[in-house]
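Dear colleague,

I am handing over the structure we spoke about, and I would be glad if you kept it open beside this message while you read. What I found in it follows below, place by place.

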Amino acid sequence: MARYNAIGNSPYGSGDPYYSFSTGYVTRANAKRPRSNLIRFGVPLAVLTGIGLVVAIVVATTHHGHARSGGSSSSSGEDPAAASSAVSAKNAVGVFPTATDLEFMKPLYPSTTNTAAFSPPTFHPADVAVSWPKDPFTFSSSPSPTSLRTDRPRLIAPKYKWDALPRLIAKDPYLKWWNDTIFGNATAYFSLPPVAYHLDGVSGILDNAREVKMRIKAFAYVYRMTNDTKWADRAWAEIQNAAGNGTTSFGPVNDKWNTIHFLDTAEFSAAFGIAYDWLYDALTEEQKTQIRFTLNLYGLGPGLSAYQGDNNIGWWNTDIYGNWNCVCNGGLTLAALAILGDDTTGNAQALLGYTVNNAKQNCVMAVTSDGTWNETANYWYFGTTGHAEMTSSLITAAGSDFGLLTTNPNFNLTGLYHMYAYGPTSLFNYGDHGPNKFSSTANSIMFYASQFNTPTYTLFQRDQADAAEPWSMFWYDPTISGAYWNGLPLDRFFDSGGDQWGSMRSSWTDMNALFVAMKGGTLQGHQAHGDLDCGDFVLDALGTRWAGDLGSGDYLSTGYFDSELQNSNRWLYYRKRTEGQNTILVNQQNQAVTAHPSMNHDTSGTAQGSSTVFKAPSNSTAYVVFDLTSAYFNVSSFSRGVRLLNGRQQVLLQDDIKSQGSVMWRMHTNATVSVDKSGTSATLTLDGQTLTMQILNGPTGVGFTTGPAVRLSGDPALPTGQSDQPNPGVTVVSISLPAGQYNLQVLFNPQWPGLQASDYVTPQSVPLSSWSLTSHN
């Protein structure tokens, strides 16, 4: 039973029900790593692991508008013959990965060098044979969100693109893969009953809404590609059901789309808008009337009320720099654009007078000055999907982005945030990870690639497991060539102030690569999705994750979203507490929510070349150091740093601390941990691989200990009737020290194949304040 917490205008005033379990890091379905021949499916992994949804899996056979300034190149003046040659080299290789890792759902690249195909990322608009044709519709020189193209569809994929798509599919291996996958998924969904209404507690049908949207996109896509009305009929069955006109009940009569949790309302509105627009020529006039009626009753009408002062459902439109504003405005905009001109209530026209400007004031500001998403790396998916759908639909329907791509001058950097947050196995998944993703993918960066002239984004995303879905078919630019990793630096540091973190790795294309990411940043201002986690880190090597984050707690827990104040109930739950992170705990107390760390970093600037086989030179390194003094109540000074050693084969984690309270070093791992007799060395085994940890120059008697990932005995009590989620299979490796001044160094040595003990280095002790690129040579 959900617990209602009356907390004003919080998005979670009713308790958000999504994900009462952990991320895949903690509980994995398969301890081994099976591989298959390039398994392709068009829904995010969360759908598979979270609810066991039936999807079509396509096994692929490997085959031997608005351009803006951005990171990589577009060869607008290129010779057509040269452009054709570059694209031909790409197509000769086919889909670049040759397999998919089934544990982490990451692409596996062949060990090869192909300078022709793996060239620098480039768009080739001169190659008209594989280009999208120019939009034949002429928009007004003074565009307006309510002055729309006269042909259908309007949203994301106008008719001229549908007409060109079969020709482009025949010429591009990625479009063929995605098209096959969408057809396979639509076929799988076809035989399932319509999505059943399930209100989790008192506040949530978001999973229902996003699953309906996912299905309607697939059904409508296959209908338009085949003109077979059975697909339109199946979409109509889904629409009827979600409108409450099916064979089973779907929610209360007066509020079927759960407006108190307006994300649900917005995603249903988007789904119905897509159906109305993409199936326009297949729907009868009566069916269109019914869709408009349902949209106005349960979606657009309440949305307009939200803008006109109903704070019970409209809190999200004021100073909300995150996914809620993007999703809510996006869903309402898609629906309004879809029915504008047919709508007799005036709701669609009125809403378009609010949503675009409001999104410019709020949604686009969720991207900070360095590209980081204001909430978490997982909530980035929901926010950017909402933003990209809204912006793309405005461009295709009304001829302009109306400032959604330019109001925030740093929005173009958010694709880099996503790419660098992704390690060889998975995301740096700090904070909450949110609900099942369903129709929320990372394909927004393919849209941004074209809009910001940054082909690297598309080349990265097109190989991912969530790439194959209808939006990709129209956001993808088939003139692209090259490899995303060619010339891409291995390291990047994000220092916007509020979201400070660093990302360092040894390769972009080797799943066994070393990867470490660490964060500082403030602990407030993240839409109540963060943890008390300054100094938190993750570590990948040898194809697995050795140090990981626990992710979301139970969103239905009492007070989980109370606030970000020091005394918030949120900070009583283990996964949100400082002890639940991979960082230092002082006096067994939470960090101070008023923390304002500073950051210092440097890198040798190593970038990968065209080959998928890459070994960094011996002097290649990077490091990041955070001054975390302000994050603690009982320290005089504290800095934490991490650096790569020995040609990016080892990791040194160092804490320089002067503390008036006890100090506890903590790391969460899925590995089996064995501590030697001295206590200063630990051997971790996981997925058939081994990593050793060693305490360097530690005080006498200091050593590693291990224990379960549970709250400490002296922790304050949880709210009445509450309990922490279990963390099965997770071990906490810790080091405990009394109050004092310490230079604590922990060396991580992945046991790389072919390396002998003598190949590893033992670094000298250097204060963090003296770290440099050459300080450990």
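**Loops and unusual backbone angles**

Glutamine 527 is found in the loop between strand 11 and strand 12, the latter covering residues 537-541. Please keep in mind from the start that this is a predicted model, and that the values I quote were computed from it. The backbone at glutamine 527 deserves a look, for this residue has a positive phi of about 55° although it is not a glycine.

A second case of this kind is isoleucine 156, which is not a glycine either and yet has a positive phi, here of about 70°. You will find isoleucine 156 in the loop between strand 7 and helix 3. Is isoleucine 156 buried or exposed? Its relative accessible area is 2%, and because buried means under 20%, isoleucine 156 counts as buried.

The loop between strand 7 (122-123) and helix 3 (159-171) also holds proline 153. The peptide bond that joins arginine 152 and proline 153 is cis, with an omega of about -5°.

**The chain as a whole**

Stepping back, the chain has 777 residues, of which 65% count as buried. Its secondary structure comes to 17 helices and 25 strands. The chain exposes about 25,500 Å², and carbon and sulfur atoms supply 51% of that area.

**Strand 10 and its two partners**

Strand 10, which covers residues 500-505, is a good place to practise reading a strand, since 6 of its 6 residues are buried. Which residues lie on each of its faces? On one side are Gln500, Gly502 and Met504, on the other are Trp501, Ser503 and Arg505, and both faces are covered.

Strand 10 pairs with strand 9 (residues 492-495) in the antiparallel sense, and 4 bridges join the two. Within this pairing, phenylalanine 493 has glycine 502 of strand 10 as its bridge partner. The hairpin that strand 9 and strand 10 form has 4 residues between the strands, and glycine 497 takes a positive phi near 105° there.

Strand 10 also pairs with strand 11 (residues 515-519), again running antiparallel, over 5 bridges. Here methionine 504 has valine 516 of strand 11 as its bridge partner.

**Helix 6**

Helix 6 runs over residues 229-242, and its 14 residues reach 20 Å from the first C-alpha to the last, which is close to the 20 Å expected at 1.5 Å a residue. The helix is mostly covered, with 10 of its 14 residues buried. Among the buried residues are Trp231, Arg234, Trp236, Glu238 and Ile239, so that charged side chains appear in this list beside nonpolar ones. When you look down a helix, it helps to remember that an α-helix has 3.6 residues a turn, so residues three or four places apart point the same way.

**The largest cavity**

The largest cavity has a volume of about 140 Å³. There are 14 residues that line it, and the closest to its centre are Lys106, Gly423, Pro424, Tyr484 and Trp508. Sorted by class, the lining has 8 nonpolar, 3 polar and 3 charged residues. If you wonder how such a space is found, rolling a probe the size of a water molecule over the atoms shows where empty space is left.

**Three pairs that are distant in sequence**

Finally, I noted three residues together with a partner from elsewhere in the chain. Leucine 108 is found in strand 6, which covers residues 106-108, and it counts as buried at 12% relative accessibility. How many residues separate leucine 108 and threonine 509 in sequence? They are 401 residues apart in sequence, while their C-alpha atoms are 7.5 Å apart in space.

Glutamine 308 has its place in the loop between helix 8 (285-307) and helix 9 (311-314). With a relative accessible area of 55%, glutamine 308 is exposed, because the cut-off for exposed is over 50%. Glutamine 308 and tyrosine 354 are 46 residues apart in sequence and 9.8 Å apart in space, taken from C-alpha to C-alpha.

Serine 85 belongs to helix 2, which covers residues 80-93, and at 47% relative accessibility it counts as partly exposed. From serine 85 to alanine 117 there are 32 residues in sequence and 9.8 Å in space, again C-alpha to C-alpha.

With kind regards

Conventions
Residues are numbered from 1 along each chain as its sequence is written. This is a predicted model: local features need pLDDT of at least 70, side-chain atom pairs count only at pLDDT 80 or more; totals for chains, interfaces and linings use all residues. Side-chain values use heavy atoms; hydrogens and water are left out. Buried means under 20% relative accessible area, exposed over 50%, partly exposed in between (1.4 Å probe, protein chains only). Two strands pair if DSSP finds at least two bridges between them. On a 1 Å grid over the protein atoms alone, a cavity is a set of points where a 1.4 Å probe fits but cannot get out, and a pocket is an open set with protein on both sides within 12 Å along at least five of seven lines; lining residues have an atom within 4 Å of a point. Grid points are joined across faces, edges and corners, and a volume is the space filled by probe spheres set on the points. Accessible areas come from the Shrake-Rupley method with a 1.4 Å probe; for residues, only the protein chains shown count as cover. The expected span of a helix is 1.5 Å times one less than its number of residues.
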